[in-house]
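Work through the exercises below with the sequence and the model side by side, and try each task before reading its solution.

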Amino acid sequence: MPVLPGAEPYRHDGGEVGVLLCHGFTGSPQSLRPWAEYLAEHGLSVSLPLLPGHGTRWQDMQVTGWQDWYAEVDRELAALRGRCRVVFVFGLSMGGALALRLAARHGDAVRGVVVVNPANKVHGAMASLLPVVRHLVPSTKGLTSDIAKQGVEEVGYDRVPLHAAHSVRQFFRLVDGELPQVTQPMLLLHSPEDHVVPPADSARILGRVSSTDVTEVVLEHSYHVATLDNDAERIFEESLAFIGRLAPEAGTAGSRSAEAWGGSTTGG
């Protein structure tokens, strides 16, 4: 199936500091593209993959699960580490859970973690019924475009495939058990009004990680997809400052140009 316009993956070969960005459940790289481009403009190497089953039609996601999504970001992390001396992992929503698992499993290979409205649990009455309902009903109403800013839309699915929803519920439980293994510095940004992931998820993550260097930022003017919302610039600036504090070499990331890497910027 062709990829939805705007949902293409994005990569940029920049300096020796790299950032892997993970998009959310039923979403696409479009939700993080402005963030990725901002980081690239500041000389960083950037990888923003399209997760399997995403960015085409919801039926394609029905035959994928968390193992596929995690394997994709794990491969991208390995590729980024192959060309960068320092690597950070970023994520939105379920992408935040993916980033946290990468941090938990790869330890010192990940310098720091930035998550925006990270998901930790599937909420609602439907959650406990998913093991059965997914065999009876193929999909339910979509979760995309929870954005306060007028005129902005998220590229993603208007339906949630329930087999995939069951898998993401299992994944959140797995990651929740691994959170104490997250020791890296962390920047967590969350919206007090979020119609997809409640603030309780951020609170639980903050309470369970073992990181001692933790910064929490409240995004007062945004809903769930804050990376496309009114606080987007703040997210971009806070994350770049976070990188600069932990990897001073990022300040001269542009000194080793894309040409020196033999790289380029790709994407739709």
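## Cysteines and burial

The model is predicted. At a relative accessibility of 8%, Cys-84 counts as buried, because buried means under 20%.

**Exercise 1.** Decide whether Cys-22 is buried or exposed, and find how many disulfides the whole structure holds.

*Solution.* Begin with the accessible area: Cys-22 has a relative value of 1%, and since the cut-off for burial is under 20%, Cys-22 is buried. Next, turn to the sulfur atoms, where a disulfide would require a pair of cysteine sulfurs within 2.5 Å. A search of the whole structure finds 0 disulfides.

**Exercise 2.** Find the salt-bridge partner of Glu-72, and say where in the fold the two residues lie.

*Solution.* The partner is Arg-75, and the closest N and O atoms of the pair are 2.8 Å apart, which is within the 4 Å that a salt bridge allows. Both Glu-72 and Arg-75 belong to helix H3, residues 66-83, where they sit 3 residues apart, or about one turn of the helix. An α-helix has 3.6 residues a turn, so residues three or four places apart point the same way. As a last step, consider accessibility: Glu-72 has a relative accessible area of 15% and is therefore buried. This pair can be set among the 11 salt bridges that the structure holds.

**Exercise 3.** Work out which parts of the chain are tied together by the salt bridge between Arg-208 and Asp-176.

*Solution.* First confirm the contact, in which the two side chains meet at 3.4 Å, N to O. Then place each residue: Arg-208 lies in helix H7 (residues 199-208) and Asp-176 in helix H6 (residues 162-178), so the salt bridge ties together parts that are 32 residues apart in sequence. The accessibilities come next, with Arg-208 partly exposed at 27% and Asp-176 buried at 14%. Finally, look for further partners: Asp-176, Arg-204 and Arg-208 are linked in a network of salt bridges.

**Exercise 4.** Locate the two ends of the salt bridge between Arg-245 and Asp-213, and classify the accessibility of each residue.

*Solution.* The closest N and O atoms of Arg-245 and Asp-213 are 2.9 Å apart. Arg-245 is in helix H8 (residues 232-246), whereas Asp-213 is in the loop between H7 and strand E9 (214-218), so that the pair links distant parts of the chain, 32 residues apart. Arg-245 is partly exposed, at 45%, and Asp-213 is partly exposed as well, at 22%.

**Exercise 5.** Check the span of helix H4, and find how many of its residues are buried.

*Solution.* Helix H4 covers residues 94-106, and at 1.5 Å a residue its 13 residues should span 18 Å. The end C-alpha atoms are 18 Å apart, which agrees with that expectation. Of the 13 residues, 11 are buried, which leaves H4 mostly covered; among them are Met-94, Arg-101 and Ala-104. Just after H4, Gly-107 takes a positive phi of about 55°.

**Exercise 6.** Describe how strands E8 and E9 pair, and trace the path of the chain from E8 to E9.

*Solution.* E8, residues 186-190, runs parallel to E9, and 5 bridges join the two strands. As one point of reference, Leu-187 stands opposite Thr-215 in E9. The chain leaves E8, passes through H7 and arrives at E9, making a β-α-β crossover that is right-handed.

Methods:
Residues are numbered from 1 along each chain as its sequence is written. This is a predicted model: local features need pLDDT of at least 70, side-chain atom pairs count only at pLDDT 80 or more; totals for chains, interfaces and linings use all residues. Side-chain values use heavy atoms; hydrogens and water are left out. Helices (H or I, at least four residues) and strands (E, at least two) are DSSP runs, numbered from the N terminus. Buried means under 20% relative accessible area, exposed over 50%, partly exposed in between (1.4 Å probe, protein chains only). The expected span of a helix is 1.5 Å times one less than its number of residues. Two strands pair if DSSP finds at least two bridges between them. A crossover is right-handed if, with the strands pointing away from the viewer, the path from the first strand over the helix to the second runs clockwise.
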